[in-house]
Amino acid sequence: MDLKPDILSSLSYGMYAIGVKDDKKVSACIVNTVIQVSNEPNIVTVSMNHNNYSHDCIEKNGLFTVSVLSENTSGTVIGALGFSSGRDADKLKNVRYRVLSEGVPIIEENICCWFLCRVTGHIETPTHTLYLAQVIAGSDKWSGKPM
């Protein structure tokens, strides 16, 4: 049986900002694949392209944040985080964010919620790393409708 590639477009996705840090700065990128793996303990997986600067930061520090973007998140924020590399640009320059005590940023513009994750394992594919991570902290409330 032949697989028609467009059949996978029936899968639903969200839109998330992944916050990271390196030795000198904080950054973030856009991903569409964050999945809850288990509830006790709270484990998620994030799919990250090997070429992303954020991938390098996660490899180095083992920490990242997930900001769940709402339907009200502006295209400007998505563009700032999605269409350039943190290696070459300050992607957060025109985005409201704050840095947690762990040193990683969370986006503060029209998000539903956020959570802080510590990597516990990973699975490699030819182009992406699937990071398994325990959720170790998060926002106190939830608001808005996820994108």
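**From the leading segment to the buried strand**

Leu 11 sits in the segment that comes before strand S1. The model is a predicted one. At a relative accessible area of 48%, Leu 11 is partly exposed. That label applies because the value falls between the 20% limit for buried and the 50% limit for exposed. Leu 11 also belongs to a nonpolar surface patch. Its partners there are Ile 7, Leu 8 and Tyr 13, and the patch covers about 410 Å².

Next come the strands. S1 spans residues 16-21. S2 spans residues 26-31. The two run antiparallel, and six bridges join them. A hairpin of four residues makes the connection from S1 to S2. One pairing is worth picking out: Val 20 has Ser 27 in S2 as its bridge partner.

How many of the six residues of S2 are buried? Five are, so the strand is largely enclosed by the rest of the structure.

Now turn to helix H1, residues 53-61. Ser 54 is found in this helix. Is Ser 54 buried or exposed? Its relative accessibility is 3%, so Ser 54 counts as buried. The cut-off for buried is under 20%.

What does Ser 54 touch, leaving aside residues up to four places away in sequence? The contacts are Val 20, Ala 28, Cys 29 and Met 48. Val 20 thus appears twice in this account: it is bridged to Ser 27, and Ser 54 touches it.

Terms used. Residues numbered from 1 in each chain as written. Predicted model: local features only at pLDDT ≥ 70, side-chain atom pairs only at ≥ 80, totals over all residues. Heavy atoms only, no water. Buried < 20%, exposed > 50% of the residue type's maximum accessible area, 1.4 Å probe, protein only. Pairing = 2+ DSSP bridges. Contact = heavy atoms within 4.5 Å. Patch = residues over 30% accessible without salt bridge, like charges linked within 9 Å, V, L, I, M, F, W, Y side chains within 5 Å. Areas by Shrake-Rupley, 256 points an atom, 1.4 Å probe, with all protein chains shown as cover. Salt bridge = Lys/Arg side-chain N within 4 Å of Asp/Glu carboxyl O.
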